[in-house]
Amino acid sequence: MMHYVSQELSCTTVRFSPNTPSSGAFRKNCQVRASEYIDQLAGQGRHHFTTEMAQAALGGTASATRGQIQRLRKAGAVASPARSFHVIVPPEYRRLGCLPAEHFIHPLMEMWAEPYYVGLLSAAERHGAAHQRPQALQVMVRRNRRPVACGQVRIDFIARHDLEGMPVQLVSTPRGYVRYATAEVTGLEMVGYPNHSGGLSNVATVLGELAEAMSAHVLVEVAERSPISWAQRLGYLLETVGRDPLAAALLPLVQGRAHSDTPLRRAKGVAGGRRNSRWRLIINTDVEPDL
């Protein structure tokens with residue numbers, strides 16, 4: 001269903017579809033300034049727009065539209081996290097030079113037609129494990145993307161090709177909603193991507209808090225869809241931080257599917273490491289959680 005927004009202008013009243021780039025309603029009826037356009041969008045609860053949407057509304061050429069948007073950017077009223085994608089920045093966020101990433105990540109990913117969810121330390125913080133606040137919003141996508149920088153706001157993208165099979169939670173924000181990894185997905189992915197999670201000692205520290213939000217049977221379901229080495233490492237770390245019931249839930253899966261020993265720290269050699277037969281791991285690094 002096409003979503004229409006009624007724009008009340010000083011010269012006339014017209015209707016246009018903000019999702020249709022070629023609407024000619026404004027060109028035929030009046031010229032509207034870009035500042036009026038973003039005020040009207042914000043008044044109707046919309047805080048993002050594309051260059052094509054603005055051109056359709058303003059009725060000018062592409063270069064004239066870009067010029068008006070650029071003037072709004074210089075004034076701090078608009079920021080552009082990505083090419084042709086703009087956000088309206090209210091006064092309370094002018095010091096950031098952008099909206100918080102959680103306020104625009106969903107429409108940005110919709111524009112790119114990219115499945116996503118917020119994961120790793122960003123998701124752990126949402127689930128109440130805020131030991132180490134990430135400097136950027138960490139977003140899982142199907143393939144690698146360059147980071148987004150917008151004022152003081154940053155988004156890092158981490159590739160996981162099978163992310164569409166992972167359970168997520170929808171979290172409301174002041175400007176929409178965001179897809180977050182569940183606590184169970186978050187725990188497994190932190191051991192799968194330790195370099196993005198502050199290292200294994202920090203992962204263990206976060207797990208001590210994150211475990212409160214985990215369900216044992218959901219954890220096993222997610223582990224069945226993930227590399228078995230993640231379950232091996234996660235089970236060992238959960239035992240390390242005293243979360244034995246969750247670790248015990250993973251043990252049958254590991255003992256049934258893990259057919260070889262894997263290093264606890266993947267990027268480090270195994271010489272001198274001790275073997276843990278329970279989790280089929282080679283303990284080749286020390287884990288020192290801050291509990």
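Let's start with a pairing of strands: strand 3 (residues 48-50) and strand 5 run antiparallel and are joined by 3 bridges. Keep in mind as we go that this is a predicted model. One place to find the pairing is Phe49, whose bridge partner in strand 5 is His86.

Strand 5 has another partner too. Strand 4 (residues 78-82) is joined to strand 5 by 3 bridges, and these two strands also run antiparallel. Here you can look for Val78, which has Ile88 of strand 5 as its bridge partner. Strand 4 and strand 5 form a hairpin with 2 residues between the strands, and in this hairpin Ser84 takes a positive phi near 70 degrees.

Now turn to the side chains of strand 5 itself. In a regular strand, side chains alternate between the two faces of the sheet. Strand 5 (residues 85-88) has Phe85 and Val87 on one side, with His86 and Ile88 on the other. Both of these faces are covered, and all four residues are buried.

Finally, let's go back to strand 3, where Thr50 lies. Is Thr50 buried or exposed? Its relative accessibility is 17%, and because buried means under 20%, Thr50 counts as buried. Beyond its neighbours within four places in sequence, Thr50 is in contact with Ser84, His86 and Met111. Two of these names will be familiar: Ser84 from the hairpin, and His86 as the bridge partner of Phe49. The side chain of Thr50 also has a polar atom 3.1 Å from the backbone nitrogen of Met53.

Terms used:
Residues numbered from 1 in each chain as written. Predicted model: local features only at pLDDT ≥ 70, side-chain atom pairs only at ≥ 80, totals over all residues. Heavy atoms only, no water. Buried < 20%, exposed > 50% of the residue type's maximum accessible area, 1.4 Å probe, protein only. Pairing = 2+ DSSP bridges. Polar contact = N/O pair within 3.5 Å; in protein donor to acceptor, adjacent residues only side chain to side chain. Contact = heavy atoms within 4.5 Å.
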